[in-house]
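Colleague: I am new to this structure. Please choose a single part, look at it closely, and then tell me what surrounds it.

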Amino acid sequence: MLKISQPDYAALRKHGEETYPHECCGVLLGKMDDGVRVVKETVRCGNTRSDSPENRYNIDPQELIPAQRKAREQGMDIIGFYHSHPDHPARWSNTDLQEAHWFACSYVITSVEMGIASRTHSFVLAGVGEEDKRFEDENIEVA
Amino acid sequence: MKVNIPTPLRQYAEKRDAVDVPAKTVGEALSELVARHPDLRKHLYTSDGKLRSFVNVYLNDEDVRYLADKEATIVSDNDSLSIVPSIAGGSTHWRCK
Ligand SMILES: [Zn+2]
């Protein structure tokens with residue numbers, strides 16, 4: 001399960017509306033507790049895929065270094081990521097799975113239809129390695 | 001030097017978020033890390049011993065791939081190494097599933 005505050009939830013959805021028709025992306029910082037990920041902060045990242053920003057996203061690892069440092073200083077961890085699917089459902093794609101490597105982290109996807117955020121779903125990257133990795137649905141608790 | 005371990009790999013490093021290793025170069029730090037935590041090896045390296053393509057290694061704020069001496073780069077105790085798996089994806093192939 002992913003727990004997120006209403007303002008953080010609204011912020012990640014709004015990010016997708018702002019970058020429409022391109023994909024947005026960002027990092028979720030917080031705590032991981034017995035299979036429950038609690039978001040304390042969302043960090044916006046720039047989408048570095050300038051070749052096809054409407055259907056690909058890529059977070060420059062360079063942007064993760066300060067995010068990771070900030071998390072550590074405040075006793076948090078990187079617990080997941082979010083991105084948007086402009087005019088596509090809020091389901092993970094094969095590309096999303098192939099390029100996911102953060103096990104036990106949440107991958108939150110928001111569908112943005114005609115510029116308006118519609119559904120938001122979250123998936124946990126499960127498995128022990130590249131060979132058996134898979135996405136599992138997880139509930140989002142907005143509070 | 002300190003090696004920062006990303007969230008998904010901590011389970012293979014006794015749940016530590018960072019490991020202190022003695023090292024003179026980036027390469028030595030990585031070797032020492034996997035020597036201490038052998039379960040990390042297959043997550044960081046391919047079977048022929050190359051760093052996996054999606055594993056990024058940063059010396060302080062610099063991508064090791066772009067340093068002139070790469071893994072032979074000299075390090076000091078005050079430097080930190082960060083292992084950062086890449087984050088990417090897209091909606092491209094959702095229809096093919
Ligand atoms: Zn996607």
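**The sheet of chain B and its surroundings**

Modeller: I will take the sheet of chain B and start at one end of it. Strand S3 of chain B, residues 55-59, is joined to S4(B) by two bridges, and the two run antiparallel. The model is a predicted one. The sheet that holds this pair is open and has five strands, in the order S2-S1-S5-S3-S4 (chain B), with mixed pairing. Its edges are strand S2 (18-20) and strand S4 (62-63) of chain B; each has a single partner strand, so one side of each has no neighbour in the sheet. At the S4(B) edge, B:Tyr58 has B:Asp63 as its bridge partner.

Two helices pack on this sheet, and they come from two chains. Helix H2 of chain A (residues 61-73) touches strand S1 (2-4), S3 and strand S5 (80-85) of chain B, and its direction makes about 115° with that of S5(B). Helix H1 of chain B (residues 26-36) touches S1, S2, S3 and S5 of chain B, with its direction at about 70° to that of S5(B).

In the strand order, S5(B) stands between S1 and S3. With S1(B) it runs parallel, joined by three bridges, and B:Lys2 stands opposite B:Ser80 there. With S3(B) it pairs in the antiparallel sense over five bridges, where B:Leu59 has B:Leu81 as its partner in S5(B). Is S5(B) enclosed or open to the outside? Five of its six residues are buried, so S5(B) is largely enclosed by the rest of the structure.

Now the chain around the sheet. Chain B has two helices and six strands, which run β-β-α-α-β-β-β-β from the N terminus on. Its C-alpha atoms fill a box of roughly 50 × 30 × 25 Å along the principal axes. Of its 97 residues, 52% count as buried. Among contacts in chain B between residues at least 6 apart in sequence, 49% join residues at least 24 apart.

H2(A), which packs on the sheet of chain B, leads over to chain A. There, H2(A) lies across S2, S3 and S5 of chain A, running at about 135° to S5(A). Those three strands belong to an open sheet of eight, ordered S8-S7-S6-S5-S2-S3-S1-S9 (chain A), with mixed pairing. Strand S8 (134-138) and strand S9 (140-142) of chain A are the edges here; each has a single partner strand, so one side of each is left without a neighbour in the sheet. Neighbouring strands are turned by 35° against each other on average, direction ignored. Helix H1 of chain A (residues 6-19) also packs on this sheet, touching strand S1 (2-4), S2, S3, S5, S6, S7 and S9 of chain A, at about 35° to S3(A).

S2(A) and S3(A) run antiparallel and share nine bridges, with A:Met32 opposite A:Arg37. Their hairpin has two residues between the strands, and A:Asp34 in it takes a positive phi near 50°. S2(A) also pairs with S5(A), in the antiparallel sense, over six bridges. Along this pair A:Val27 stands opposite A:Phe81, and A:Cys25 has A:His83 as its bridge partner.

A:Val27 and A:Phe81 are among the residues that touch the most other members of the largest nonpolar core, which has 28 residues. H2(A) and S5(A) are among the elements that each supply at least two residues of this core. Another core, of 26 residues, lies apart from it and includes B:Met1, B:Val19, B:Leu40 and B:Tyr45.

A:His83 has a further role as a donor of the zinc ion. The protein donors are A:His83 (NE2), A:His85 (NE2) and two OD atoms of A:Asp96, at 1.9 to 2.5 Å from the ion. The angles among the four donor atoms run from 56 to 159°, and the site is irregular. Along the chain the donors are spaced H-x1-H-x10-D. A:His85 lies in strand S5 of chain A and A:Asp96 in helix H3 (residues 94-98) of chain A, so this pair ties together parts that are 11 residues apart in sequence. A:His85 counts as buried, at 0% relative accessibility, and A:Asp96 is buried with a relative accessible area of 2%.

Technical notes:
Residues numbered from 1 in each chain as written. Chains lettered and ligands numbered in written order. Predicted model: local features only at pLDDT ≥ 70, side-chain atom pairs only at ≥ 80, totals over all residues. Heavy atoms only, no water. Pairing = 2+ DSSP bridges. Helix = DSSP H or I, 4+ residues; strand = E, 2+ residues; numbered from the N terminus. Contact = heavy atoms within 4.5 Å. Axes fitted to C-alpha atoms, helices over the stretch in contact; angles between N-to-C directions. Core = buried A, V, L, I, M, F, W, Y, C linked by side-chain atoms within 4.5 Å. Buried < 20%, exposed > 50% of the residue type's maximum accessible area, 1.4 Å probe, protein only. Donors = N, O, S within 2.8 Å, 3.2 Å for Na, K, Ca; no water. Tetrahedral: all angles 85-135°; square planar, octahedral: opposite > 155°, others 65-115°.
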